[in-house]
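Okay, my turn. I've got one structure to walk through today, so let me put it up.

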Amino acid sequence: MKISQIKFLIEVRVFHVLVLSVVLIGLGAQFAKAANAGITYHGRLIDPAGNSVVGASVQFKIQLRTPGVPQFFTGRLKAIDILL
């Protein structure tokens, strides 16, 4: 093999290693995002009259269900003190 062919093969291998490194770093970032994924809900707690809810023990019930068929997946019940 000529020296120019050897240099070309080395350059191609270096390029492949760089491309593979970038792809793996990108995949790692996507997995890191997925590991920290969650559901965040922002809103106000109001009673039927539109007043802010204040109490020593307010319970939240969150359920995950399938659309259409009422299939229950999971749920949480959390009590929080929201006295002002």
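I'll go from the overall layout to one patch on the surface.

Quick caveats: this is a predicted model, where local features need pLDDT of at least 70 and side-chain atom pairs count only at pLDDT 80 or more, while totals for chains, interfaces and linings use all residues. Residues are numbered from 1 along each chain as its sequence is written, and side-chain values use heavy atoms, with hydrogens and water left out.

On confidence, the mean pLDDT (the predictor's confidence in each residue, from 0 to 100) is 76 for the protein chain, with 82% of its residues at 70 or more. Strand β2, residues 72-80, has the lowest mean at 72, and α1 the highest at 79.

The layout is one helix and two strands, in the order α-β-β from the N terminus. Those are DSSP runs, numbered from the N terminus: H or I of at least four residues for helices, E of at least two for strands.

How many of the 84 residues are buried, meaning under 20% relative accessible area with a 1.4 Å probe, protein chains only? Just 2%. The chain's accessible surface, by Shrake-Rupley with a 1.4 Å probe, is about 8,000 Å², and 65% of that belongs to carbon and sulfur atoms.

Now the patch. Phe15, Val19, Leu20, Val23, Leu24, Leu27 and Phe31 make up a nonpolar surface patch with about 710 Å² of accessible area together. Phe31 sits in helix α1, residues 3-35, and counts as exposed because its relative accessibility is 62%, where exposed means over 50%.

Note on methods
Patches are made of residues with over 30% relative accessible area and no salt bridge: like charges are joined within 9 Å, nonpolar side chains (Val, Leu, Ile, Met, Phe, Trp, Tyr) within 5 Å. A salt bridge is a side-chain nitrogen of Lys or Arg within 4 Å of a carboxyl oxygen of Asp or Glu.
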